[in-house]
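Q: I am a first-year student and would like a close look at one part of this protein. Please take one residue and follow its surroundings outward.

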Amino acid sequence: MDAINIIIPDRMRGERLDIAISEMLPDYSRSKISAWIKSGDALINDKIFKPKDKSYGNEIVSLTLYQNEDLDWAPEQINLDIVFEDEDIIVINKPFGLVTHPGAGNWSGTLANGLLYYDQNLSKLGRAGIVHRLDKNTSGLMVVSKNMTSQKVLVEQLQNHSVEREYAVIVYGHMISGGVINASIGRDSKDRLKQSISPNGKKAITHYRVIDRFKNHTHVKAILETGRTHQIRVHLSHIGHPLVGDPTYGGKVRFPKKASNEIKESLKNFGRHALHSKKLSLIHPISGKSMSWKIDLPDDMKELLVTLKEFDS
């Protein structure tokens with residue numbers, strides 16, 4: 001048995017508590033949250049409440065989780081590339097191939113397991129302090145909270161879009177210029193593992209700028225205004241520029257006309273979607289200081305860009 005605490009942000013004042021808690025624990029269904037509330041495994045000020053009760057903002061919800069619950073994650077020794085750490089936050093450079101937190105098919109060996117080993121106090125927080133996620137095959141910067149106060153503030157910053165997340169992307173096609181993609185995203189009705197553009201989905205906005213152009217590909221900077229699942233991958237595919245290495249939203253590998261064996265091998269063997277969280281900017285949740293971190297591209301994306309440039313020359 002374990003216990004975690006979450007703080008309902010003030011912006012959720014007046015929202016049903018089951019909905020508010022579901023937003024704070026997005027890996028679990030609203031029905032699961034409601035079951036915890038009804039069984040007394042979720043309490044506010046040590047008192048039971050109803051799923052339909054309204055939030056008054058900033059209340060602390062205590063959840064009691066048992067060993068058979070999904071949130072009973074085990075600490076595991078995993079190498080973490082820590083870019084910055086203080087008493088309140090950890091900024092991590094996540095390698096591609098590392099799953100953010102346990103879930104179907106990946107119950108161990110995740111970033112969350114590694115964080116729990118690195119700092120056992122993170123077991124007191126929901127999702128081991130993780131406030132946003134990167135896909136398994138997306139690399140780059142993430143921020144993790146180390147206490148309830150920083151967790152609450154960071155979640156609010158993410159939801160208020162005051163956290164800036166800049167990504168480096170390599171896409172198919174020759175882009176002429178940058179732009180803004182404003183297209184709602186929801187779960188695909190035909191494939192539950194995919195997202196798709198949907199008028200009934202959640203608002204999603206991506207800003208993109210061209211960094212470098214090649215004959216058949218473009219190196220792009222993408223900045224998230226919102227943070228929907230697979231947002232950059234869905235949006236860029238929607239405008240006809242899917243990511244290299246992304247069969248989910250881009251289909252089969254595309255080879256340029258008269259492609260050399262080298263570029264064919266590079267594209268065919270690029271083992272993940274070409275997406276890297278390059279820059280992260282936020283307001284420190286305790287000090288209020290503006291902070292920013294930027295890291296270089298991983299080797300696989302660097303090597304692909306070199307190959308694309310050589311093919312153009």
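A: What follows starts at one histidine and works outward from there. Keep in mind that this is a predicted model.

Start at histidine 219. It lies in strand 12, which spans residues 217–224. Is histidine 219 buried or exposed? Its relative accessibility is 7%. The cut-off for buried is under 20%. Histidine 219 therefore counts as buried.

Which residues touch histidine 219, leaving out those up to four places away in sequence? One group is Ala168, Val169 and Ile170. Another is Arg209, Val210, Ile211, Asp212 and Phe214. Leu297 and Leu305 complete the list.

Take Val169 from that list. Valine 169 touches His219, and also Thr218, Val220 and Ala222. Its other contacts are Ile232, Leu236, Leu243, Ala274, Leu275 and Met301, again not counting residues up to four places away in sequence. Valine 169 also belongs to the largest nonpolar core, which has 61 residues. Ile21, Val61 and Val169 have the most contacts inside that core. Apart from it lies another core, of 16 residues. Among its members are Phe214 and Leu297. Both of these touch histidine 219. Val244 and Leu267 are also in this core of 16 residues. A general tendency is worth knowing here. In soluble globular proteins, nonpolar side chains tend to be buried together.

Now follow two contacts of valine 169, Ile232 and Leu236. Both are among the buried residues of helix 5. The others are Gln231, Arg233, Val234 and His235. Helix 5 covers residues 231–238, and six of its eight residues are buried, so the rest of the structure largely encloses it. After helix 5 comes glycine 240, with a positive phi near 90°.

Go back to histidine 219 and take its contacts Arg209, Val210, Ile211 and Asp212. Strand 11 covers residues 205–213. Strand 11 runs antiparallel to strand 8, residues 179–182, and four bridges join the two. Within this pairing, glycine 179 stands opposite tyrosine 208 of strand 11. In a regular strand the side chains alternate between the two faces of the sheet. Strand 8 shows this alternation. Gly179 and Ile181 point to one face and are buried. Val180 and Asn182 point to the other face and are not buried.

Next, consider Leu267 of the core of 16 residues. Leu267 is in contact with arginine 254. Arginine 254 also contacts Tyr172 and Pro242, leaving aside neighbours within four places in sequence. Where is arginine 254? It sits in the loop between helix 6 (247–250) and helix 7 (261–268). Because its relative accessibility is 40%, arginine 254 counts as partly exposed. Arginine 254 and asparagine 216 are 38 residues apart along the chain, yet their C-alpha atoms are separated by 9.4 Å.

One last stop is Ile21, named above for its contacts in the largest core. Helix 1 (residues 17–24) packs against helix 2 (residues 30–38) at an angle of about 120°, and their axes are 9 Å apart. Ile21 takes part in this contact, along with Asp18, Ile19 and Ser22 of helix 1. From helix 2 come Arg30, Ile33, Ser34 and Ile37. By class, the contact has four nonpolar, two polar and two charged residues.

Note on methods. Residues numbered from 1 in each chain as written. Predicted model: local features only at pLDDT ≥ 70, side-chain atom pairs only at ≥ 80, totals over all residues. Heavy atoms only, no water. Buried < 20%, exposed > 50% of the residue type's maximum accessible area, 1.4 Å probe, protein only. Contact = heavy atoms within 4.5 Å. Core = buried A, V, L, I, M, F, W, Y, C linked by side-chain atoms within 4.5 Å. Pairing = 2+ DSSP bridges. Axes fitted to C-alpha atoms, helices over the stretch in contact; angles between N-to-C directions. Nonpolar A, V, L, I, M, F, W, Y, C, P; charged D, E, K, R; others polar.
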